Amino acid sequence: MKTDIYLDYAASAPIRAAALEAYVSAPVAANPSSVHRPGRQAAAQLDQARIDLAQTVGAEPGDVVFTSGGTEADALAVTGLFAARQTAAARPYLLVGATEHVAVLENADRLPGAEVIRIPVDRNGFVDTAFVAEHLAERAQQTALISVMAANNETGAIQDLDRITQLAAAAGVPVHSDWVAAAGKLSLNFAASGLAAVSLSAHKVGGPGGVGALLVRRGTALEPRQAGGGQEGGLRSGTQDPRGAAGFAAALVEAAAEDTAGLETLLGPLDALAAAHPAIRVLTPPAHLPGLRSLLVDQVRGESLVFLLDSMGIACSAGSACHAGVVGPSHVLEAMGLDRAAASAALRVSIGHATTAADVEALVKALPEAITRAQRVAQTEGGRP
Amino acid sequence: MKVAAALSGGVDSAVAAARLVKAGHEVTAIHMALQRTPALRRQGSRGCCSLEDASDARQAAQKLGLDFYVWDLSDTFTDLVVRDFIDSYGAGLTPNPCIRCNEFVKFRVLLERAEALGFDAVATGHYARLEPDDAGGAGLRRAVDLAKDQSYVLAASGRAALARCLFPLGDAPSKAAVRQEAAELGLGVARKRDSYDICFIPDGDTRGYLREQLGERPGPIVDGAGTQVGEHLGAYQFTVGQRKGLSLSRPAADGRPRYVTRVDTATNVVQVGPVEALDAPQFGTLAVNWLESDFQAEVDQLADVTASDATGGAADSAADGAAGGVPVAVQVRAHSKALTAQVTNSGDGFAVQLGEPLRGLAPGQSAVFYRGDLAVAQAVVAPFEGAGSRSAKLNPGA
């Protein structure tokens, strides 16, 4: 029987014991909006989760708007900030990093009346801050918002958010940032960030699935996306999930307390292999999330590598997981200037709280053979008309 | 054997995979993602069949305890099946995209990728039987259930590819039995309805699809005498034998229904005529894909005899030559009956003389030749002049 070695934390991290404990130990299942005692107990659990979560990321409890996940948080931020900024003056421009998560890109593209501008990135995936400066110099008054992630989920590249918020503050433009990949890995502080809104997701840090949050700075104008009971500060409707929120907070608290430098040490043998193997190029730049590597392998499709490694009991991912299990070319890698073939050839290895040195060793042992076989697959298909 | 079982999301391929597991093979489930054009993806998010199929396939694999992967073959499918479909219609031919998909996607690209990844064979839920030989080939026989037989759409794939395939449903007694088997296995797809449409035209409106792809090209509809009797928006939208959707302005003199008898996309003329005009007594084919060497030897032998008999006149009438050809049965559509025929070599293909006229033969169709339930050869019907008329001239190899 295969041993499953899980090296795809960036897709979803295994749930932490503390998160599971917090999830199942809720006193009673009740609606936190109910007036009876069980309802109040549920509300108390939700409040505590909000306090714990806020404290971990340097936010006020009142900043936390629980959502169904990172995608909803991104959608709420992009559409909500954009709508709120259409006051007397039209502000059609929306600046988004070219390597943002599709939750940001696709929601931005759907906004009626919006002129979405994708901020170009360099070959390392870093957004061009000079481009942002130039845009704001000319069109600050017509710009609704800027959205740039803290770190990329596919390559791990950490963006210069401070520079972006400086430029935006001077121009009076709110900035949203997707912290889904970065949370628990980088030391982040919402209060000090100068950001208007920040997206978070529970399952990426070892919390339960189906929970996320948008941090919204006090005083930031934001229109809710869906009408209803307005349970989350009037900004998000829908009965909250106190268990999920408690699990989320527990996971984030634990993740934030961890020494993430250890993850880099664990990946040492993989880095050594990548440096020595002629077919492997490391796409992850020096300024990156701990525990994540994006590797470009010559003459293979990432899909084949993932298949072969999976058959050896090792779970990795080709770029980001998507759509009905189909691995397409990565828009992130294409934005970094890679062609379609290369953008389909990346292998993402991401580790986390439960990863051991033996796990990484197993990958390092299996990868060369998988590459050789994947290259053979590509050669078989290369001669086709 | 290590088998890559192609799971479409339907009941047949799921039961086929289950039968392989039962037979002791090491089975991995593969779902082919074939359509990724933005239009189809948008439809997908509105609840299109294709995403639902992927999900059905995954659930079936889970039920059977199989590893499951989605392989993206959409580029290949678009280039070799969809593009060819549009181009063929544009050239006045009647292509069968399912045959193309079998030939180029399932039993070529999928098969090659599976082999490169260490699989010994690819399995599908097709209804047909295989007879592997010792030389790396396999013969193709009709399924036990003749009503479901799919040997017709498999023949073009050829002996070499078929030798690396498994069709576990070839001996299934009936579709009902397969559904019963699925139900007993607890497969959710047991009662899923069969799909008949062309998968990349989910609304079934082939003419609308072609119009979108090729644009409107108005032209005349004429009768056998060349008199204009109506107008069309593009000859490519018509196929020989078609009766519906002609909107003729002038009724036929005898008041009988008229059918498309000829499609000429070069001049953009569609010709119509009475049903008898669809009766083709003979036709020619493009290059032959031989499936049985005995049959090939017989036909070749006849050609040698003919060549030595004829003194320079062999080329003038391939049709006449076919009269004394090798007896065989021929089928030109997926669910039509096979007709008796005699074939001879002619240029690059066959000259086929039919025992009884074949109604609505169209260039581009795949003709599969059978001896009993054994498929012995396959070839594409060649373009011909005055399709269906008694004075048809064969133009094999054109």
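Reader: What is the area buried between domain 1 of chain B and domain 2 of chain B?

Author: Happy to start there, and do keep in mind that this is a predicted model. The domain assignment of chain B places domain 1 at 2–191 and domain 2 at 216–273. Carbon and sulfur atoms give 44% of the area buried between these two domains of chain B. The area itself is about 390 Å².

Reader: Which three residues supply 77% of the area that domain 1 of chain B buries against domain 2 of chain B?

Author: In chain B, 5 residues of domain 1 are in contact with 6 residues of domain 2. Within domain 1 of chain B, one trio supplies more of the buried area than any other three residues. The trio is Tyr89(B), Gly90(B) and Gly92(B).

Reader: How many residue pairs are in polar contact across the interface of domain 1 of chain B and domain 2 of chain B?

Author: Let's begin with charge: the count of salt bridges between these two domains of chain B is 0. The side of domain 1 of chain B that touches domain 2 has 2 nonpolar, 3 polar and no charged residues. For polar contacts, with both residues at pLDDT 80 or more, the number of pairs is 4.

Reader: How far apart, in Å, are the centres of domain 1 of chain A and domain 2 of chain A?

Author: Now we turn to chain A, where the assignment gives domain 1 as 17–257 and domain 2 as 260–382. Here 25 residues of domain 1 are in contact with 21 residues of domain 2. Taken over C-alpha atoms, the separation of the two centres in chain A is 28 Å.

Reader: Which three residues supply 40% of the area that domain 1 of chain A buries against domain 2 of chain A?

Author: Domain 1 and domain 2 of chain A bury about 1800 Å² between them, with 62% of it on carbon and sulfur atoms. On the domain 1 side, no other three residues supply more than this trio. They are Glu154(A), Thr155(A) and Lys185(A).

Reader: How many salt bridges does the rule find across the interface of domain 1 of chain A and domain 2 of chain A?

Author: The side of domain 1 of chain A that touches domain 2 has 11 nonpolar, 9 polar and 5 charged residues. Across this interface of chain A there are 6 residue pairs in polar contact, both at pLDDT 80 or more. For salt bridges, the number is 0.

Reader: How many residues does the largest nonpolar core have?

Author: Nonpolar side chains tend to be buried together in soluble globular proteins. In the largest core, the residues with the most contacts inside it are Leu270(A), Leu305(A), Leu309(A), Leu367(A) and Trp71(B). Leu367(A) touches several residues, including Leu273(A), Ile280(A) and Leu347(A). The size of this largest core is 79 residues.

Technical notes
Residues numbered from 1 in each chain as written. Chains lettered and ligands numbered in written order. Predicted model: local features only at pLDDT ≥ 70, side-chain atom pairs only at ≥ 80, totals over all residues. Heavy atoms only, no water. Domains from an automatic or database assignment. Contact = heavy atoms within 4.5 Å. Buried area = accessible area lost by both parts, 1.4 Å probe. Salt bridge = Lys/Arg side-chain N within 4 Å of Asp/Glu carboxyl O. Polar contact = N/O pair within 3.5 Å; in protein donor to acceptor, adjacent residues only side chain to side chain. Nonpolar A, V, L, I, M, F, W, Y, C, P; charged D, E, K, R; others polar. Core = buried A, V, L, I, M, F, W, Y, C linked by side-chain atoms within 4.5 Å. Buried < 20%, exposed > 50% of the residue type's maximum accessible area, 1.4 Å probe, protein only. Lists of a residue's contacts leave out its neighbours within four places in sequence.
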